[in-house]
Amino acid sequence: MKDGGVGFVSMRRKNTLFKEGVIVEAKYRHLIKRYFTHYSESELVKVLNDTGFKVLKIFQKENTHGEKISWLHAFVRKIAP
């Protein structure tokens, strides 16, 4: 990403119900594998800051599909090293 570019990051928020790792789910008429890692809000902000991004806005949203999953969403800007 170019310096000054804006991006969006979304991931599951850390909790005790879900473990980090690969999950297999039926989506789009196929079995797909996805790797999930989980961060708390403060951990995610630290990782983004340490890798050259400024967090512009971060917020949490609950899943609306009946699962008990919270998501972290962040808008970030790439900063010059």
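Which side chain meets that of Asp50 in a salt bridge? The tour returns to this pair after the sheet and the core have been displayed.

**Confidence**

Begin by colouring the model by pLDDT, since the structure is predicted. The mean pLDDT of the protein is 87, and 91% of its residues reach 70 or more. Confidence is highest in helix H1, at a mean of 94, and lowest in strand S2 (residues 21–27), at 86.

**The sheet**

Select residues 6–12, 53–62 and 70–78, which are strands S1, S4 and S5. Together they form an open sheet of 3 strands in the order S1-S5-S4, with antiparallel pairing. S1 and S4 are the edge strands, each pairing on one side only. On average, neighbouring strands of this sheet are turned by 20 degrees against each other, direction ignored.

Next, keep S5 in view and examine its two partners in turn. With S1, S5 pairs in the antiparallel sense over 7 bridges; on this side, select Arg12 and find it opposite Trp71 of S5. With S4, S5 pairs over 9 bridges, again in the antiparallel sense. Two positions on this side are convenient to label: Gln60 has Leu72 of S5 as its bridge partner, and Glu62 has Ser70 of S5.

A surface display of S5 shows how far the strand is covered: 7 of its 9 residues are buried.

**The helix across the sheet**

Add residues 41–50, helix H1. The helix lies across S1, S4 and S5, and runs at about 155 degrees to S4.

Now select Leu44 and display its surroundings. Apart from neighbours within four places in sequence, Leu44 is in contact with Met11, Tyr39, Ile58 and Leu72. Leu72 is also the residue of S5 that bridges to Gln60.

**The nonpolar core**

Show the side chains of Met11, Leu44, Leu48, Phe53, Val55, Leu72, Ala74 and Val76. These 8 residues make up the largest nonpolar core. H1, S4 and S5 each supply at least two residues of this core, and S5 gives the most, with 3. In soluble globular proteins, nonpolar side chains tend to be buried together.

**The salt bridges**

Finally, turn to the charged side chains; the structure holds 2 salt bridges.

For the pair raised at the outset, select Asp50 and Lys46: their side chains meet in a salt bridge, at 2.6 Å from N to O. Both belong to helix H1, and because they are 4 residues apart there, about one helical turn separates them. Asp50 counts as exposed because its relative accessible area is 54%, where the class begins over 50%.

For the other pair, select Glu25 and Arg34, whose closest N and O atoms are 2.5 Å apart in a salt bridge. Is Glu25 buried or exposed? Its relative accessibility is 18%, under the 20% limit, so Glu25 counts as buried. Arg34, by contrast, is partly exposed, with a relative accessible area of 29%.

Definitions and conventions. Residues are numbered from 1 along each chain as its sequence is written. This is a predicted model: local features need pLDDT of at least 70, side-chain atom pairs count only at pLDDT 80 or more; totals for chains, interfaces and linings use all residues. Side-chain values use heavy atoms; hydrogens and water are left out. Buried means under 20% relative accessible area, exposed over 50%, partly exposed in between (1.4 Å probe, protein chains only). Two strands pair if DSSP finds at least two bridges between them. Axes are lines fitted to C-alpha atoms, for helices over the stretch in contact, and angles run from 0 to 180 degrees between N-to-C directions. Contact means heavy atoms within 4.5 Å. A nonpolar core is a set of buried Ala, Val, Leu, Ile, Met, Phe, Trp, Tyr and Cys residues joined through side-chain atoms within 4.5 Å. A salt bridge is a side-chain nitrogen of Lys or Arg within 4 Å of a carboxyl oxygen of Asp or Glu. pLDDT is the predictor's confidence in each residue, from 0 to 100.
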